[in-house]
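Hi,

Here is the structure I promised to pass on. Have a look at it first, then read my notes below.

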Amino acid sequence: MSTFSGLNTAWTGLTAAQRGLETAGQNIANVNTEGYTRQRVETAAAGAPAQVGRLSLSGGQAGSGVTVTDIARLNNAQLDARVRSTAAAAGQTSAAAQGLSQIEDILREPGQGGLSELLSEYWQSWEEVAAEPGEQPPAAVLIANGQAAADRLNRMHGELTSQYSSQYSVLTAHVDEVNSAAASVAELNRQISTQQAAGGSANELMDQRDQLTTRIAELTGAEVRTSPNGTADVLIGGTALVEGSSSRSLEVSGTGRLSDAETPGITWAHRSAGADAVSITGGEIAGGLTLLGSAEDGGRIASAAAAMDAIAVDLAERVNSAQAAGVTVSGEPGADFFALDDDNPAASLNVAVTDAAQLATGTAGQGPLDGSNAARIAEFGEAPGGPDEMWKTFAAQVGADVRQASSASVNASTAHVSSTEAQRSHSGVSLDEENMALLTHQHAYQGAARVMTAVDQMLDTLINRTGVVGR
């Protein structure tokens, strides 16, 4: 090995140390950058040059320096996959818990002005009417209390309808976000493959892509599959949302109205209408779909609305049947106390009678001052399977569902936080570690520079001092 090769060896050391300093500086500069993955210079020793001719050096030859093989991105595929899966679970449980909590808020139970209290006051009013048949004051209180209970059902059903429309809008916004993120991932795949094919580093582009794929997983429960060329495919239900540099789009079916027969779903935009729905089993979209499903499929909002419809129907049928079976103070059969639309009972329930003369307070043949029928109606509040019991059972079930969903959400969120912390512990920037790297590379740079200086002095002696002995 010639004397001049020592300069090249020192130069490779300088170059490697400089790359190390630059990489440590990049890490420190991005210590607070969300989603940044720390990087590290990977090096390998350069071998000795091949022996040419018959020249032989006793003891062999030293290597020819160091080679920078890569700027490694210190991520962990297993930790990244765990973050995506826990993000999907946390998103799904959080969406379901928030939706159920909103339903519970609509019920306002237990509390003043809740349906339980209003029904109790309504049945108590029948007892007062039974004590004074045909009198207008207690009848007016009864009618007002009956209308208050009907109005409460009307308002709750209206709030459920508004929640349904709002949740549909959220679902549409999430699908739009997924489509936008998928297109961005496809474009990043193209840039990454191009950059790597040209021999460049695409680490920062991969960081951006990982953030987008994590968000897609949080929304849809998608899986990510990496390819040897550096691209990442995103799969939903086994079908590619992103494949290389191309992406597909999702769309929302249904109209977003609670009264419609068609419940919302997610379909592929590139497939014909009526094709099978996209299989989304995790993420915020899956949680939203559990709220928007039909009552038959266990949709939370539709089931709540159906329960209110059943209570309204039972209430109207019980009281109206009792009215028809009794007689007013004038001896005529009573008119329907409640009126409703069979297609939308809870939203349309209202009081149909207007005065005491229309109330069937008595039993036929018992005289105009008989209040036995009104007393029987007052007992409906305690009837097994009656509207009060139906409402209490429904409210208790909603409360239990909220507690269960909240617990699941807390557990899923805790798991997601834990996985995120593990990922950051492995891939995040440590200022202490980077400062040590700076010192290490700085000393390496100084050492390589000292080698270059020494070789330069040797060459100076060899070239400029040889042959001047004795002068």
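One cut-off before the rest: I call a residue buried under 20% relative accessible area, exposed over 50%, and partly exposed in between. With 31% relative accessibility, E42 therefore lands in the partly exposed class. Please also keep in mind that this is a predicted model.

**Overall shape**

The chain has eleven helices and ten strands. Its radius of gyration is 39 Å, whereas the globule rule gives 23 Å for 471 residues, so the chain is more spread out than a compact globule. Along the principal axes, the C-alpha atoms fill a box of roughly 150 × 45 × 30 Å. Of the 471 residues, 40% are buried. The exposed surface comes to about 23500 Å², and carbon and sulfur atoms supply 51% of that.

If you look at contacts with a separation of 6 or more, 71% of them join residues that are 24 or more positions apart.

**Charges and salt bridges**

How many positive and negative side chains does the chain have? There are 26 positive and 54 negative ones, and the centres of the two sets lie 21 Å apart. Side chains of opposite charge can pair when their charged atoms come close. Searching the whole structure turns up 14 salt bridges, and here are some of them.

- R40 pairs with E42, with 3.9 Å between the closest N and O atoms. The cut-off for a salt bridge is 4 Å, in case you want to check that one. R40 is partly exposed at 46% relative accessible area, and E42 is partly exposed too, at 31%.
- R215 pairs with E177, and the closest N and O atoms are 2.7 Å apart. R215 sits in helix α5 (residues 203-220) and E177 in helix α4 (residues 136-197), so this salt bridge ties together parts that are 38 residues apart in sequence. R215 has a relative accessible area of 24%, which makes it partly exposed; E177 is partly exposed at 31%.
- R225 pairs with D233, the closest N and O atoms being 3.5 Å apart. Here R225 is partly exposed, at 44%, whereas D233 is buried, at 8%.

The R215 and E177 pair also belongs to a network of salt bridges that links E177, R215, E218 and E284.

Now for a charge that has no such partner. R84, in helix α2 (residues 77-107), is buried yet forms no salt bridge. The nearest side chain of opposite charge is D210, and it is 5.1 Å away. What does R84 touch, leaving aside residues up to four places away in sequence? The answer is T213, T214, A217 and V224.

**Helix α6**

Eight of the ten residues of helix α6 (residues 283-292) are buried, so the helix is largely enclosed by the rest of the structure. The buried ones are G283, E284, I285, A286, G287, G288, L291 and L292. E284 is the member of that set that also appears in the salt-bridge network with E177, R215 and E218. Which elements do the buried residues of α6 pack against? They pack against α2, α4, α5, β8 (265-268) and α7 (300-325).

**A long-range contact at G134**

G134 is in the loop between α3 (115-131) and α4. The C-alpha atoms of G134 and A356 are separated by 5.2 Å, although the two residues are 222 residues apart along the chain. Apart from residues up to four places away in sequence, G134 touches V329 and A356. At 33% relative accessibility, G134 is partly exposed.

**Backbone oddities between α2 and α3**

Most residues other than glycine have a negative phi, and most peptide bonds are trans. The loop between α2 and α3 holds both R108 and P110. R108 is not a glycine but has a positive phi of about 55°, and it is partly exposed, with a relative accessible area of 40%. The peptide bond from E109 to P110 is cis, with omega near -10°.

Over to you!

Conventions. Residues numbered from 1 in each chain as written. Predicted model: local features only at pLDDT ≥ 70, side-chain atom pairs only at ≥ 80, totals over all residues. Heavy atoms only, no water. Helix = DSSP H or I, 4+ residues; strand = E, 2+ residues; numbered from the N terminus. Rg over C-alpha atoms; globule rule 2.2 N^0.38 Å. Buried < 20%, exposed > 50% of the residue type's maximum accessible area, 1.4 Å probe, protein only. Contact = heavy atoms within 4.5 Å. Areas by Shrake-Rupley, 256 points an atom, 1.4 Å probe, with all protein chains shown as cover. Lys, Arg positive; Asp, Glu negative; His and termini not counted. Charge placed at Lys NZ, Arg CZ, Asp CG, Glu CD.
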